[in-house]
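Grab the model and work through these exercises at your own pace. Each one sets a task and then walks through a solution.

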Amino acid sequence: MSQMRKDIFTGRWVIMAETTTVQPSDFHFKRFTRETKFCPFCETNEASTPPEVFAIRNPGSSANGPGWSVRVVPNSAPRLRIEGELRARAEGFHDLMNGVGAHEIIAETPYHDRSLHELEIHEICDIIRAYIARRIDLKGDPRMRYVLIFKNHGQEAGSHTVSHSISHLMALPITPRTVKTKLITARDYFAVKERCIYCDVIQQEQRDRTRLTAENEDFVAFAPFASRFPFEMAIFPKSHNSAFSRTSPNQVENLAKILREILQKLDHTLGGPPYNLLLQDRPFLRHRGGYWNTIEDDFHWHVEILPQIARITGFEWASGFFYNPVPPELAARCLSSHY
Ligand SMILES: [Zn+2]
Ligand SMILES: [Zn+2]
């Protein structure tokens, strides 16, 4: 019989199929393919993007020229713009504000033919350093409440025109609903138990090990108990930390290692799956006195990796539930058996 599982971090329900075996051929997704037409994110094409706002460069190289390992530029077709005032207002019963924010593209490598899981560890460390540097910089803008960092790999994960390995960064004037749900759940759990809900779950996953997929000195990865997507993975720092930007240099290296290990396992097991990668971090605290008083102790930043190999259907839109055809215990076993 299938199971209905509740996600402890969000309260969302998932219907988990009763399956004991799975083959990549059970899924019908478009494998990652690389476009070969002109690409503005390749080294030597720097003039085709807006001027860079951050880069990790070789000594002696000049801004907006070649000689970089990671390069951050404003999106040339941004969903939100950095210029202007928020001007929050009402229209009848409805709230609205101007589309103010930042939308940046992080070119993860100068080379067109390398995906994130194919990069060297020191190259992935540079990407993580770029995320941290941009987050710290955008914190200085008092209009922004949240920095969303995500990646769309492959067409079915939303990357329709760009096949160069990039991530998106969006600074938002509001905290996204999905993050707020997690923050409220974590705060309520802490109010009762005086413990971090994420620390409790991490310890249980490390003891139980049936959903564990990778581990090193600083990080642990597992398939979440109520995974929404087949082969969904989450990566958590082992020591409690609410803020991604406080990741230490040694932890940056171990994050790069576990991230590459998980992405390589997914790639080998599923054969080039499209996926979304999301960083779930705490918001900036702005004049909301008394609202997130315990966030330092109750929230625990993490990464989610969501392979997009099964379609979201009317059922998911109508119910807010997800249907997952691959239980996380089976997903974890499949990933381990390929190594
Ligand atoms: Zn390129
Ligand atoms: Zn914690």
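Before the first exercise, a word on pockets: on a 1 Å grid over the protein atoms alone, a pocket is an open set of points with protein on both sides within 12 Å along at least five of seven lines, a cavity is a set of points where a 1.4 Å probe fits but cannot get out, and lining residues have an atom within 4 Å of a point. This is a predicted model, where local features need pLDDT of at least 70 and side-chain atom pairs count only at pLDDT 80 or more, while totals for chains, interfaces and linings use all residues. Residues are numbered from 1 along each chain as its sequence is written, chains are lettered from A and ligands numbered from 1 in the order in which they are written, and side-chain values use heavy atoms, with hydrogens and water left out.

**Exercise 1. Describe the second largest pocket and its lining.**

Step 1: start with the residues. There are 22 in the lining, and Asn75, Ile105, Val162, Ile166 and His168 lie nearest the centre.

Step 2: find the elements. Strand 4 (68-74), strand 7, strand 8 and strand 9 (166-172) each give two or more residues to this lining; helices (H or I, at least four residues) and strands (E, at least two) are DSSP runs, numbered from the N terminus.

Step 3: get the volume. It comes to about 410 Å³, where grid points are joined across faces, edges and corners and a volume is the space filled by probe spheres set on the points.

Step 4: sort the lining by class. You should get 10 nonpolar, 11 polar and 1 charged, with Ala, Val, Leu, Ile, Met, Phe, Trp, Tyr, Cys and Pro counted as nonpolar, Asp, Glu, Lys and Arg as charged, and the others, Gly among them, as polar.

**Exercise 2. Now do the largest pocket.**

Step 1: its volume is about 720 Å³. Of its 32 lining residues, Arg228, Asn276, Leu278, Leu306 and Gln308 are the closest to the centre.

Step 2: strand 8 (146-153), helix 2 (177-193), strand 13 (275-280) and strand 14 (302-307) are the elements giving two or more residues.

Step 3: the class split for this lining is 15 nonpolar, 9 polar and 8 charged.

**Exercise 3. Work out the geometry at the zinc ion (ligand 1).**

Step 1: list the donors, meaning N, O and S atoms within 2.8 Å of the metal (3.2 Å for Na, K and Ca); water is not among the atoms, so sites may look incomplete. Here they are Cys39 (SG), Cys42 (SG), His112 (ND1) and His164 (ND1), at 2.0 to 2.3 Å.

Step 2: check the angles. The 4 donor atoms subtend 103 to 116 degrees, which makes the arrangement tetrahedral. For four donors that label needs all angles between 85 and 135 degrees.

Step 3: trace the chain. The donor spacing reads C-x2-C-x69-H-x51-H. Cysteine 39, in the loop between strand 2 (13-16) and strand 3 (54-57), and histidine 112, in the loop between strand 7 (102-107) and helix 1 (121-139), are 73 residues apart.

Step 4: check burial. Cysteine 39 and histidine 112 are both buried, where buried means under 20% relative accessible area, exposed over 50% and partly exposed in between (1.4 Å probe, protein chains only).

**Exercise 4. Repeat this for the zinc ion (ligand 2).**

Step 1: the protein donors are Cys196 (SG), Cys199 (SG), His240 (ND1) and His300 (ND1), 2.1 to 2.3 Å from the ion.

Step 2: with angles of 105 to 116 degrees among its 4 donor atoms, this site is tetrahedral.

Step 3: the spacing is C-x2-C-x40-H-x59-H. Cysteine 199 in helix 3 (residues 197-208) and histidine 240 in the loop between strand 12 and helix 4 (249-270) are 41 residues apart.

Step 4: cysteine 199 counts as buried because its relative accessibility is 16%, while histidine 240, at 31%, is partly exposed.

**Exercise 5. Which residues cover the two faces of strand 11 (residues 219-222)?**

Step 1: recall that side chains in a regular strand alternate between the two faces of the sheet.

Step 2: apply it. Phe219 and Ala221 sit on one side, Val220 and Phe222 on the other, and all are buried.

Step 3: add the neighbours. Strand 10 (residues 212-215) pairs with strand 11 in the antiparallel sense over 3 bridges; pairing requires at least two DSSP bridges. Strand 12 (residues 233-237) also pairs with strand 11 in the antiparallel sense, over 4 bridges.

Definitions and conventions. Four donors count as tetrahedral if all angles lie between 85 and 135 degrees; four count as square planar and six as octahedral if opposite donors are over 155 degrees apart and all others between 65 and 115; anything else is irregular.
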